[in-house]
Amino acid sequence: MSTNHRAAHGTWQTDGTDPVPAARYGPKPPVEGSGGLAVTSHPLATRAARDILREGGNAVDAALAAAATQLVVEPHMTSPTGGLSLLHRSAATGAATYVNGNVAAPLAPLPDFSGADLTRGRGVPVPGWWPAFEEARRRFGTRDRARLLAPALAAATDGFEVNPFLYGIAYGEQAHLGASPQMREVFFAEGHLAVPGQVITQPRAARTLERLRDEGMDYYLGDFARAVAAAARADGGVLHERDFAAYRARVQEPVRGTYRGAGIVAAPPPDDGGVQLISALNMLETVDLPRLGPPSADPETLRLLIQAHNTAYYAPPLRYGLEEDRERLELLLSKSYARTRTALLEPVPPASATPAPGTIHISVVDAAGDTVALTHSHMCSGFVNGLFAEGFQLSGGGSFFQRVMPQPGERACVYLAPNLVLRDGNPVLVSGSPSVSLVANVLQNLVNILDFGMSIEDSVRAPRFGARPHTPERGWEPGNLLEAGFDEAVLREVRAWAGRERLWTRVVNPWSALTGNFEGITLDPDTGAARACADPRRVGAAEAA
């Protein structure tokens, strides 16, 4: 991939004849194709995936190339110091596999961990991004590291334009960025904070990517681990190089459920968003939603969705490998339990601590019909801890330790929900979302598409509810955001119900980033045609191979 730093007609040129769509907020056009398709939250990442697909690479190759590119073009949302998890399904065998590369607690204990630690070195966890990248590449990919990292290196070396989303986050945290020598060379190269349209380069991040490309795990477990651990310990953290050496990506069976005859395949614990999604769908299955109308227009449907989501989302997290949690998992996924839970729906479940947004998702289908749903993140809001090493932000994934504190070396419980919907054994939808509201986001879009027959573009443009933002001091208190895009009568009725039940609600701007960003691809099982539409809440794009 070559760049020539020329912006023309709102697009970023790659070769003068094949412009990349502009990175902009607002509605985007739907895209269709039968030879493969990708949707991400940044056009350059989508282009990286599309080019891999056109070369004959598979869905995993494309998703990993996009994820690596996002390390550079979305540094406010992800980092190799964070986590990466993906759901893969082989069209040839029908086998679905989940690779969990999420963050873990350091081997050293963290006594009296609190919200005050979330923006300090104590909140830096053991990363899993690169181990999961390598595990997925070796297990499912067909391209080498050099090819997969090439688009990311081009963006870091040749530069890319700052878009409004990146600028907004950088503006809010410019004190942290400006205090860091590593970030000053990126965001303050001209003496002021880089503005939208300005081209920025990241030479330090490029060197890191080059060493990962050339040296692989030797660099990652050596100089990279030492630099990241030293930066965390300098700010009071306990991270050590031995934590990197002890970490292993985990290969798991996904969880499975059904919804009105469709099969649901999703992330397994300790990435428990899949369990939350299936649990909420099980509850909604007991209600004749299609009779009521879509949540964007019917306050009763919206109320039921909020109740089902909150009941599943705020339940105590499932940990991995404990016998009592395996038994609880079977119970949570059962239809009989869903009927009981529906009968006892409460608008305000017990409070539990939940982290802030700062995540991105990728969905890909290739020409053979293989699918990938990949979510990766630095697990905190952009740049909030002011800690950087090797050209990248240090993860603030310790925010997930507030949900349930892992034992030393144990994986964090993270509510990611990469998922796949099947009909008669054939994929009809692959999707996921970032942000604190990701489970609510996926739930609403699945209901829009499966129950109400919405097109992907109509679904992503429809108004949504989300989860309540948290603060490090208070943790998470149950409640829901409501986008202003809802009809006034719907908002009025739902807020009146919430008030009677003492459920916190707040109306926010239309197409709010706090309600997530649906990256979904619908698939026609008869023709193999795929369709996607980037969400208006971020600056992404969809492209067909």
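What volume does the second largest cavity have? It comes to about 60 Å³. Keep in mind that this is a predicted model.

**View 1. The cavities as a set.** Start by looking through the whole model for enclosed spaces. There are four cavities of 30 Å³ or more in this structure. The next views zoom in on the largest cavity and on the second largest.

**View 2. Inside the largest cavity.** The space in the largest cavity is about 90 Å³. It has 13 lining residues, and V275, Q276, A312, A315 and L332 are the ones closest to its centre.

**View 3. Which elements build the wall of the largest cavity.** Two or more lining residues come from each of helix 11 (273-285) and helix 14 (323-332). Helix 11 gives the largest share, with three residues.

**View 4. What kinds of residues face the largest cavity.** Sorted by class, the lining here holds seven nonpolar residues, two polar ones and four charged ones.

**View 5. Around the second largest cavity.** Now move to the cavity of about 60 Å³. Its lining is made up of L71, P75, M183, F187, Q202, F383, F388, G391, F392 and Q393. The elements that give two or more residues to this lining are helix 7 (181-187) and strand 15 (392-393).

**View 6. What kinds of residues face the second largest cavity.** How many charged residues are in this lining? There are no charged residues, while seven are nonpolar and three are polar. Among the lining residues to pick out here are F187, F383, F388 and F392, along with Q202, G391 and Q393.

Definitions and conventions: Residues numbered from 1 in each chain as written. Predicted model: local features only at pLDDT ≥ 70, side-chain atom pairs only at ≥ 80, totals over all residues. Heavy atoms only, no water. 1 Å grid on protein atoms, 1.4 Å probe; cavity = no way out; pocket = protein on both sides within 12 Å on 5 of 7 lines; lining within 4 Å. Points joined across faces, edges and corners; volume = space filled by probe spheres on them. Helix = DSSP H or I, 4+ residues; strand = E, 2+ residues; numbered from the N terminus. Nonpolar A, V, L, I, M, F, W, Y, C, P; charged D, E, K, R; others polar.
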